[in-house]
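Q: Hey, got a minute to walk me through this one? I'd like to go through it piece by piece.

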Amino acid sequence: MAKILIANRLSDGLVVFYAADGSWVESITDGQLSYDDATADHLLAAGLADERDNQIIDPCLIEVTENDGKLIPVDLREVIRAHGPTIAVDRTI
Amino acid sequence: MYRYDEFDQTLINERAIQFRRQIARRLAGDIDEDQFKPLRLMNGLYLQLHAYMLRINVPYGCLSANQLRRLAHIARRYDKGFGHFTTRQNIQFNWISLTDAADIMVELAEVQMNTIQSSGNCVRNITADHYAGRARDEIEDPRVWCELLRQYSVLHPEFSYLPRKFKLALTGSPHDRAAVAVHDIGLRLHHDIRGRPGFEVIVGGGQGRTPVIGNTIRQWIEPRHVISYVEAILRIYNLYGRRDNIFKARIKILVNAIGADKFRKLVDTEWEQIRDTDLQVSTAEFERINAHFLPPDYENLTDQDDELATIRTQEPAFDAWMCSNVAGHKVPGYAIVNISLKAPGRIPGDISANKMEHVAELADQFSFGELRVNHRQNLTFVDVRQVDLHCLWKQLVALELATANIGLASDIITCPGLDYCSLANARSIPIAQDLGLHFTNSGKLQQVGNLTINISGCVNACGHHHVGNIGILGVNKRGKEYFQLTLGGSADEHASLGIRLGRGLPRAEVPGAIERIVDTYLATRLDSETFLSTYERIGIEPFRKAVYDPVNPSRRVA
């Protein structure tokens, strides 16, 4: 199963994904997928290096499925991290 | 309410400066996350699922209109335009940038608010009866003691690294609206047989994965000794509480392990060493603090029962609101008004910046510019003239803040759950939304009467599920959300812990199961019996059968 590297950005805490160009992006769609252990190991190593470099916190690999071009994490917790609360955030409450 | 003196203000101002430097060192890489985490937590800054979450203390639930306006400003400028009131009478913001956190502390300090010790293994925000000083049944106002204990416990060097977090709750009324029996220390003001005020001291209560109703270790202690007695308890806990296992570190585990009698003896021995020191509250010190809690400038009014009765007859919606949301006041001609943050389908405890500002205006107009946050995640105006009740209600209706459900089945306590919280196993807010709509649409709210439904998204029990008449606990089974039901819990002066009903249910089956529980109650209750009374009379089995009946699809559970 495909994996993607997720973390929280140190400066603002937002959920970010490791991209192919080595940057951290807010959209899971722009994150780099790994389909094999070697790539996954490379991603995690890069994430840990960026954690040491105080860019991000708690990098970890999560499993994702691809459905009609949309990336959906397998674990509900990570779905919520990637796509936000499942409830309508109603500013008129 | 209490106003900071120069010492409070200096401390808060300096704390903001200190935190700004700590953040700068973290961003510069001078300290790593392991070093920074305890510092940010002691300032109420968590890292949750989506971003940093900032928890702001509302000391014993007391809030001024101007403070609420500042919270609205913070919500709008630094977050997504809304905040969430919690079961600990605090407010949380969910998308706070680390780079803004120190600025927010400065903004809070300007209105005498802070985030100190809203997290961490220390004495947390002290909570209290939200009717304190106003309730008709109150014996003594606990807020002076709340404030003395707040000042005592903030940045206390001996108790900044306790084995685990530590929560105090106070009440001065026979009817417990502050859930004091499920706190690390619960203090209940009452009178002894000679009519002298004193505190009953309850220790070792709590919820979480090991729910416990606290033990009374002292029936009565003179108020002037309450700080020294609390210190003695904290010292014994600090000395003997476990630090090797986070799940065994709360004071309730210690009290249960050695027994309440032995615990009391240890405390009393310690207390004898310190009771007559500076910790004793002098009359002058009491009066200094009490001056902040003197009654407002009440008018000489009479109760308006007849006048209100006429309007209530003409306007059923106003009557329903009066029945559920308005409580008696100890001063003639005044009333206590609860503002429900549980409109059907909305998120319990959430309020937008716009509505915060409107509520602040109404507090200025109708309640001496002050309000309270209560532990059931609603707001309270404690000093409303009865002649103003109808006018206030109409304005609340216009703001969609007049939901008439305080204490009813749709007034549901709900933790943020998996939609926000990194500890949660399941989502609790959608369950509350489902149930709120379900009860409202069923038209049974008034018929069912007082019923507490509390929902937690994990065993940490921030949603107080153990003490809900009906408790709902979200669990994760093989990657799927299920919900376990408990019955018979209560957080009042007859505090009790709910008993688990049976297997967990998938989300879609929860409203139906709750409805069958409620229907069983309605079918078997005698006269005006409450849900809890019926439950105690007939036991759990009829409810279990109603939910897990063999012909019912709810048997299809994991």
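Q: Which residue just after H4(B) takes a positive phi?
A: That's B:Gln112, with a phi of about 60°. Keep in mind that this is a predicted model.

Q: OK, and the helix itself, which residues of H4 in chain B are buried?
A: Helix H4 covers residues 98-110 of chain B, and the buried ones are B:Leu98, B:Ala101, B:Ala102, B:Ile104, B:Met105, B:Leu108 and B:Ala109.

Q: Why do those buried residues line one face of the helix?
A: Look down the axis of H4(B): the buried residues fall within an arc of 160°, so they line one face. As background, an α-helix has 3.6 residues a turn, so residues three or four places apart point the same way.

Q: And what do the buried residues of H4(B) pack against?
A: A mix of helices and strands of chain B. The helices are H1 (6-27) and H3 (65-78), and the strands are S1 (45-47), S2 (52-56) and S5 (91-96).

Q: Zooming out, how many helices and strands does chain B have?
A: 18 helices and 20 strands. Its radius of gyration is 23 Å, close to the 24 Å the globule rule gives for 558 residues, so chain B is as compact as a globular protein of that length.

Q: What box do its C-alpha atoms fill?
A: Roughly 60 × 60 × 55 Å along the principal axes for chain B. Of its 558 residues, 53% are buried. Also, if you take the contacts in chain B with a separation of 6 or more, 68% are between residues 24 or more positions apart.

Q: Switching to chain A, what's the order of its elements?
A: From the N terminus it goes β-β-β-β-α-β-β-α, which comes to two helices and six strands.

Q: How does its radius of gyration sit with a compact globule?
A: It agrees: chain A has 14 Å, and a compact globule with 93 residues would be near 12 Å. The C-alpha trace of chain A spans about 45 × 30 × 20 Å along its principal axes. Buried residues make up 30% of chain A.

Q: Last topic, how many residues does each chain put into the contact?
A: Chain A gives 23 residues and chain B gives 27.

Q: Which element of chain A gives the most to that side?
A: Helix H2 (residues 76-83), with four residues. By type, the side of chain A that touches chain B has 10 nonpolar, seven polar and six charged residues.

Notes. Residues are numbered from 1 along each chain as its sequence is written. Chains are lettered from A and ligands numbered from 1 in the order in which they are written. This is a predicted model: local features need pLDDT of at least 70, side-chain atom pairs count only at pLDDT 80 or more; totals for chains, interfaces and linings use all residues. Two residues are in contact if their C-beta atoms, placed from the backbone, lie within 7 Å. Ala, Val, Leu, Ile, Met, Phe, Trp, Tyr, Cys and Pro count as nonpolar, Asp, Glu, Lys and Arg as charged, and the others, Gly among them, as polar. The radius of gyration is taken over C-alpha atoms; the globule rule is 2.2 Å times the number of residues to the power 0.38. A residue is buried if 20 or more other C-beta atoms lie within 10 Å of its own, exposed if 12 or fewer, and partly exposed in between; C-beta atoms are placed from the backbone. The arc is that of the directions from the helix axis to the C-beta atoms.
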